[in-house]
Amino acid sequence: MINFRYYKGTGTSYETIELDLHIGGKYITTVSVDVILLTGGIRTFPCGNGDDYRFNDEMYIELLKFLKEERKKITDSYPVKTFEGWHESGLHDYDDYCFPGDKVDNETVEYFINCLPPTTYKSGYVQIGDPYSCEQDENGELRYTYSTFSIINSEKDSEGNPLWLYNGICFENGTVNVINDISRIDSLLEKAIKTA
């Protein structure tokens with residue numbers, strides 16, 4: 001059994017996973033995996049003794065599975081995705097913390113509105129400024145997509161502020177997610193399992 005150790009990110013550091021290497025039952029060194037590099041597809045990481053360690057297919061798959069489980073423990077612990085919770089989670093990328101269909105607090109939506117002027121700001125929903133990507137619509141036309149939040153009319157937080165639904169990445173003036181919901185980790189896992 002592989003004994004990975006997960007350390008969530010902080011305001012000054014990214015997530016890290018550590019693994020002790022043993023040969024013949026004797027401790028040799030510790031491998032430190034920078035998760036932001038791992039999710040970028042990197043497989044080779046520095047060791048405490050100055051060497052580099054490259055994860056073979058089997059270990060790489062186990063590492064990704066471990067990361068997925070650890071992140072799920074974090075994201076599932078927030079029934080409403082709050083701005084404060086995002087920062088407490090140690091997940092620096094919002095797309096790793098919040099998924100289409102999640103409830104979101106008003107503070108988070110205000111944060112994004114204040115970062116970038118919205119592309120669409122209507123009474124029922126808001127689309128954040130810069131395009132996320134350019135995707136083909138049902139007519140084959142390329143259109144920009146935007147991170148989109150819509151108000152949940154009947155729900156409010158304890159202070160009376162509205163709760164929002166994270167719709168995902170939607171075409172302008174729309175609230176239907178058009179991007180594959182698969183996470184970066186799932187995408188890397190799929191690819192690693194196919195090529196292993």
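## Starting point: E88 and the negative patch

E88 lies in helix α3, where helices are DSSP runs of H or I with at least four residues, strands are E runs of at least two, and both are numbered from the N terminus. Keep in mind that this is a predicted model, so local features need pLDDT of at least 70 and side-chain atom pairs count only at pLDDT 80 or more, while totals for chains, interfaces and linings use all residues. Residues are numbered from 1 along each chain as its sequence is written, and side-chain values use heavy atoms, with hydrogens and water left out.

How exposed is E88? This glutamate counts as partly exposed, because its relative accessibility is 38%; the scale runs from buried (under 20% relative accessible area) through partly exposed to exposed (over 50%), with a 1.4 Å probe and protein chains only. E88 shares a negative surface patch with E84, E107 and E110. Two elements each give two or more residues to that patch: α3 (83-89) and α5 (106-115). A patch takes residues with over 30% relative accessible area and no salt bridge, joining like charges within 9 Å and nonpolar side chains (Val, Leu, Ile, Met, Phe, Trp, Tyr) within 5 Å.

## The chain as a whole

Zooming out, the protein chain has six helices and 12 strands. Its C-alpha atoms fill a box of roughly 65 × 45 × 25 Å along the principal axes. Of the 196 residues, 39% are buried. Take the contacts between residues at least 6 apart in sequence: 43% of them join residues at least 24 apart, a contact being heavy atoms within 4.5 Å.

The chain exposes about 11,300 Å², and carbon and sulfur atoms supply 49% of that. These areas come from Shrake-Rupley with a 1.4 Å probe, and for residues only the protein chains shown count as cover. On the charge side there are 18 positive and 33 negative charges, and their mean positions are 5 Å apart. Lys and Arg count as positive, Asp and Glu as negative, with His and the chain ends not counted; each charge is placed at NZ of Lys, CZ of Arg, CG of Asp or CD of Glu.

## Salt bridges

How many salt bridges does the structure hold? There are 11, going by a side-chain nitrogen of Lys or Arg within 4 Å of a carboxyl oxygen of Asp or Glu. One of them pairs D186 with K68, with the closest N and O atoms 2.6 Å apart. This pair links distant parts of the chain, with D186 in helix α6 and K68 in helix α2 (residues 57-75), 118 residues apart. D186 is partly exposed at 21% relative accessibility, and K68 is partly exposed too, at 37%.

Helix α2 turns up again in the bridge between D96 and R71, which has an N to O distance of 3.3 Å. D96 sits in helix α4 (residues 94-97) and R71 in helix α2, so the bridge ties together parts that are 25 residues apart in sequence. Are D96 and R71 buried or exposed? Both are buried. Then there is K72 with D76, whose closest N and O atoms are 2.7 Å apart. K72 is partly exposed at 46% relative accessibility, whereas D76 is exposed, with a relative accessible area of 51%. R5, E18 and D20 are joined into one network by salt bridges that share partners.

## The chain end, a nonpolar patch and an odd phi

A196 is in the segment after α6 (184-195) and counts as exposed, because its relative accessible area is 60%. Leaving aside neighbours within four places in sequence, A196 touches D57 and I61. A196 and K72 are 124 residues apart in sequence, and their C-alpha atoms are 24 Å apart in space.

Elsewhere on the surface, Y14, I36, L37 and I42 make up a nonpolar patch with about 350 Å² of accessible area together. I36 belongs to helix α1 (residues 35-38) and is partly exposed, at 43% relative accessible area.

If you like checking backbone angles, look at N173. Most residues other than glycine have a negative phi. N173 is not a glycine, yet its phi is positive, about 65 degrees. This asparagine is in the loop between β12 (162-171) and α6, and it counts as partly exposed because its relative accessibility is 46%.
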